[in-house]
Amino acid sequence: MAKKYNYFSTTFLAFKRAFKDCPFIVSFKLLILLTEIPSQLIGLFLLEEITNKAYDFINGVETSFLPVIHNIILFSLILFVFAILNAISYVLQQKLDCKLRYLYLQRLNKKLSNLPLEYYETQEIDNKIQLVKNFGAYIYPRVSLYSWLDIFYCFISIGIFIFITTRLPWWVVLIFIICCIIYIILGVYFGKKLYNKYDELELTRQRRNYLYFLTQSKETHQDSLMNRLTIPIIKKWRKLNDNYNNEAIKADLVSSKFEVIPNLFYALICLFVLYFVITEIVNGNQEIGFFTIVMTNIISFGNMLHNLSFDYQFDIRDNQIYRSYLEIMDLDEEKPNSNEQLSSSFNIEFEDVTYIYPQSEHKALNSFNLKIHENEIIAIVGYNGSGKTTFVNLLTELTKNYQGNIIVNGKNINNEMGILKNSISCIFQDFIQYSFTIKENICLGNINKTFKDEEIEQILNKVGLLDFVNTLPNGINTMLGQIEQGIDLSKGQWQRLAIARLLANDDSKIWILDEPTSFLDPMGEIEIYDLIKSLCKDKTILFISHRLGFSRQCQRILVFKDGKIIEDDEPDKLMNRNSLYKEMYETQKKWYE
Amino acid sequence: MNLKQKFSFKTLLFMIESVFRATPVLFSLLILIKIIETSIGLVALYVLKDATNLVAELVINKEILTKALIMTFIYLILLLVINSLVEFMREIIDGYYYKNADRYFRILLMYKLGKLSQEKLYEKDTYDKYNFAYRNLYVFQQLPWHILNFVFDFSFKKIIYLAVIFSFNIYAGLISVGLFLFNLIYNIIYSKKRVNLDKKFNNDERKKENYVSLISQKYTIKETKVNQLENYFFKKQDDISQTITKERYKILTKEAIISRCVNIFIVAIKLFYDIFLLYLVFKKQIDLGTMVLISAAISTATQIGYNFKRPLEKIVEFVEIAPVIVELIFPLTKEEKKEINHLGEKEFSLTQGEFDNLRLENVSYHYPLCEEYVVKDVNLEIKKGDIISILGYNGSGKTTTSKLLLGLFKPTSGNIYFNNKNIKDIPFNELSMYFGVGFQEYARYQLSLKENIAFGKVEDIDNEELINEAIKKANLESIINDLPKGINTCLGKKYDKDGQDLSGGQWQRVIQARAYMKNPEILVLDEPTAAIDPIEEERILKEFRYNLQGKTAILISHRISFARLASKIIMMKDGMIVESGTHDELLKKKGYYYELFTAQQTLYQGEKYGEEI
């Protein structure tokens, strides 16, 4: 991460952003904050005036009612106007909340969709991504505005309270202010301590929650039934839970203690102040109303001090989240895709390509060299972890951060984006099962084209799903998956649908098929092989599989080992010499003799 | 999901009873603290009254200065110190109470779900309910706490304050009661709307989440990028997001306007009221202290703050969800209560003696909510030492048959006998000790590799010999050597920095170790090598018989290689067994197996594809 943000720059940037997002309402809210000063002052004067007048009435100084209280009525009316202004501000705040959250998510999602795959594969960044995605929208209005409005509000109240106490000797006020500052510093200190403690405990909490949600997963349920894991897992959960709770209670105790001791301290300061208030009144320097306002406000003043310091721990947390958001927004985006496409004849060359995954030292591809061109049918075989997946990632331009060169038709594409992506269609081993309609599931293979229903049906027919789809009441518009109460397909049917998605993109020059038949039964497997055979006439096919039967019918075999190609030849030639391919092939073939 | 169950008063009583059972002492303490808290507030009000009157007198009678100061000090001590002391105690008790109740209910829920049969779990409705309960349990267990808050902070406190006002002036009392009721009713309606608001957008939110996950999850972003669907999904989620935001804004604004109108009204009344109190002082009907007291009392009595709104919202929410959760976690039998309290594990023992035979007689099966049979009239006998291979097309009922054998599903009709005893009469817990299973949809625990293996026989998690043997059988040494913390490495990076992700092929080998861990009487493996490379697969096949050590095995796979290992091959089609016998027998028969075998065989005939075109 290039830039480092601190607490203040984060807050400032958040505020700037919010102001740009919603200038009118933010300005209005700031304005309302300013009206707090007269509003609170008048509230205090009103209280003082009422008490003083009441005192006068009791002692018979004043004998008429209405003429005496015009000040009180005036103050009341002004307060009422302020109340209305506040109400408007509250109503507008609803709009502000909605708008800020919406814009935040819009920016974030746009960014996330343009981040290169590598960032998602870096655990630290991925954690941040998930964090800002889940909580960012809730804290954005707070970080950018509300927490600061609250703090300013507190300062205004404090200022006003101190302004009123200036009727006391200056050194009394000074001592009072110093004590308040000590109080706030203590609060911030304990707040930070508590935050750090909870931050430490976060991982325990996550582990605990993982175990809790584990027990309701369908995959683990059957395992836990067969292996009687319910009680052991509950016990493990209980242990983590007790650990976490004990630590959390301990941490809370520290902060609770903080509430009692300073409150006692504060009570003493208050008494100190009140002693002087009362003596001032006794000496006739002040009226009785002074006592009432100090008395009724000294408590709420204490609460405010308390909140100001106590909320700090939440401010730190929110600030951290927004900081993560800023860091993510600073990440480099992928280059925009060009419109270039491979022509009907092409050359792709990997020249000494080395790739190392983030946070790893292992060379997933190690000085990797390869040339492919149009109309080739290539099988890729090799051990688990020999670099096949990485090769596909590089070929589809998902990862650009490699060493070496990838050259297309004589042109280096290290700093370009799109030409390969635009010309390749893929089925991955763990393809997505989209919770959309059957039609959409297919159309996603080629989003730029509008499909007629007949075309969809043709494709379904090719992959052998049409008969099944025709039995469904909604046909190709049947919703699939859990999200919208759709029907569920078997793994084999999903796989056929994934192949249908591949077929939807007729223009692609290269097909990559990564274990396209792993969930299909042997007959289905052969069906799909035949289908691929019949459709691949003008395409280059890269076919990755552990099942070597089909590979024999390809034109070229690539055997991967430790990030390199160790064998690259026609299958017959490989079979005629002592090759790894031959060894693998023979072991499988043996079962069919 | 059907959540429209009626809330009955019984549910509430039941709930409170179980909370009481979970934390009897804490719950009582909590009530006590609440009572103290409420009374302190009241006493403080009267002290404020006396203090004000004393200070008012001071000007004339200077000798009572000490007395006035003492009163003031008592007031401050009451409000600041005792109040915060009580709050301190309440927070601690709250903490303990909440954590204990939380623990009790969560264990209960996990336990109940753990006991649920797989059949039940596969019913979408049941699963949804559990899912719902898992997410919403916190509302459930916090409820007594909210009710206490509601009763004390709100009803009790407000009634006392209202009584104070009434005792002073009946009209003032009436006005306060009116204001209070108005606020109360409005807030109940408001809370209901708040709760419903989230529900209203639930479906849209889920759709949106789906789109967002397609552009921001490690597992999906790859395919999204290859198909260049980023913008498409982004626009889709943005559309939904816009609609939700607009709708939500409309509703929230409407409610905000109403609530603020109520607020302004209350402010007006309060201002008017203070002038009225002053008038009473003028008429010499009340003294200065009373005026201060009543003014403060009215503020407290008519205001409805956070302390009230939150519990109310929670209670409204609770009324909707409680019946579902109660239905899931209760009733509890005595044995279950005992088991939950002790969480003892049962000893591992083979109660039915050594495995001898397993027999399916005319077994048919359909899923509870689906009338179509997936297994039809299956007869099958498995004897000790058999290696059975179940082959068949997609959807032919292979996996379902294996689950019937394991006792996970109960046959719709027909019987299954284990050692000549109907498995209906054998507790599932005892039967499961005979099986070591590698499921097709296996469980990946983001825990240590050791745990992932030892979960096959969790009783022996500290038995290194057994674990090492399982590792050897599944040939895991090479994987373990590459892991940073060896066998103690966490499989997954999310909860451990030193964790490591395994590939599909590596996981499958871990799952096999798990199945071997028990040294089971019957080993059941469902598609055990789908993601494993040919060399490793070959090793597994070669060493299979040796690893089995004469025990029984059931292999479910598309692959012919497993059939070649088997002493008996079962061919399934459309839920029926269409053929069975040894490899040679079935080849001679020239039936389904022959067809499957030869079709695959041709793939290995070595014809060069390019020449065909």
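Select the hairpin of β1 and β2 in chain A. Six residues lie between the two strands. Within the turn, pick A:Gln359, whose phi is positive, at about 60°. Keep in mind throughout that this is a predicted model.

Now show the pairing in that hairpin. β1(A) and β2(A) run antiparallel and share seven bridges. For one rung, select A:Glu349 and A:Lys371: A:Lys371, in β2(A), is the bridge partner of A:Glu349.

Next, bring in the other side of β1(A). Strand β1 covers residues 347-356 of chain A, and strand β4 covers residues 403-408. The two pair in the antiparallel sense over five bridges. Select A:Glu351 and find its bridge partner in β4(A), A:Asn405.

Widen the selection to the whole sheet. It is open, has four strands and follows the order β2-β1-β4-β5 in chain A. The pairing is antiparallel. Which strands stand at the edges? They are β2 (363-373) and β5 (411-412) of chain A. Each has a single partner strand, so one side of each has no neighbour in the sheet.

**Positive phi in and after the sheet**

Stay in chain A and select A:Asp352. This residue is found in strand β1 of chain A. Its phi is near 50°, a positive value in a residue that is not glycine. Most residues other than glycine have a negative phi. Is A:Asp352 buried or partly exposed? A:Asp352 counts as partly exposed because it has 13 C-beta neighbours inside 10 Å, where the buried class needs 20 or more.

Move on to A:Asn375. Look in the loop between β2 and β3 (377-382) of chain A. A:Asn375 is not a glycine either, yet has a positive phi of about 50°. With 16 C-beta neighbours inside 10 Å, A:Asn375 is also classed as partly exposed.

**A loop further along chain A**

Select A:Gln482. The residue lies in the loop between α14 (466-471) and α15 (491-504) of chain A. A:Gln482 has 14 other C-beta atoms within 10 Å, so it is partly exposed. Add A:Tyr434 and draw the C-alpha distance. The two residues are 48 apart along the chain, and their C-alpha atoms are separated by 9.7 Å.

**Domains of chain A**

Zoom out and colour chain A by domain. The assignment gives domain 1 (1-167), domain 2 (169-285) and domain 3 (347-429 + 540-592). Place a centre on domain 2 and another on domain 3 of chain A: 56 Å separate them, taken over C-alpha atoms.

**Across to chain B**

Show both chains and select the contact between them. Chain B contributes 133 residues and chain A 131. The side of chain B that touches chain A has 73 nonpolar, 33 polar and 27 charged residues. For the complex, the predictor gives an ipTM of 0.88 and a pTM of 0.86.

Now colour chain B by domain. Domain 1 is 9-340, and domain 2 is 357-443 + 516-611. Their centres, taken over C-alpha atoms, are 57 Å apart. How many residues of each are in contact? Four residues of domain 1 of chain B meet six of domain 2 of chain B. On the domain 1 side, the residues divide into one nonpolar, one polar and two charged.

Select helix α9 (residues 230-282) of chain B. The helix has 53 residues. From first C-alpha to last it reaches 75 Å, close to the 78 Å expected at 1.5 Å a residue. Just after α9(B), stop at B:Lys284, where phi is positive, at about 60°.

Then select strand β6 (residues 435-438) of chain B. B:Phe435 and B:Val437 point one way, and B:Gly436 and B:Gly438 the other way. All of these residues are buried. Add strand β7 (residues 522-526) of chain B, which pairs with β6(B) in the parallel sense over four bridges. One rung joins B:Val437 to its bridge partner in β7(B), B:Val524.

**Last stop: confidence**

Colour chain B by pLDDT. The mean is 83, and 96% of the residues reach 70 or more. Among the elements of chain B, strand β4 (residues 413-418) has the highest mean pLDDT, 94. Helix α1 (residues 9-22) of chain B has the lowest, 72.

Finish at residues 608-613 of chain B, where pLDDT stays under 50. The model has seven contacts beyond four places in sequence for this stretch. Where pLDDT is low, predicted coordinates should not be read in detail.

How values were computed
Residues are numbered from 1 along each chain as its sequence is written. Chains are lettered from A and ligands numbered from 1 in the order in which they are written. This is a predicted model: local features need pLDDT of at least 70, side-chain atom pairs count only at pLDDT 80 or more; totals for chains, interfaces and linings use all residues. Domain bounds come from an automatic or database domain assignment. Two residues are in contact if their C-beta atoms, placed from the backbone, lie within 7 Å. Ala, Val, Leu, Ile, Met, Phe, Trp, Tyr, Cys and Pro count as nonpolar, Asp, Glu, Lys and Arg as charged, and the others, Gly among them, as polar. The expected span of a helix is 1.5 Å times one less than its number of residues. pLDDT is the predictor's confidence in each residue, from 0 to 100. Two strands pair if DSSP finds at least two bridges between them. A residue is buried if 20 or more other C-beta atoms lie within 10 Å of its own, exposed if 12 or fewer, and partly exposed in between; C-beta atoms are placed from the backbone.
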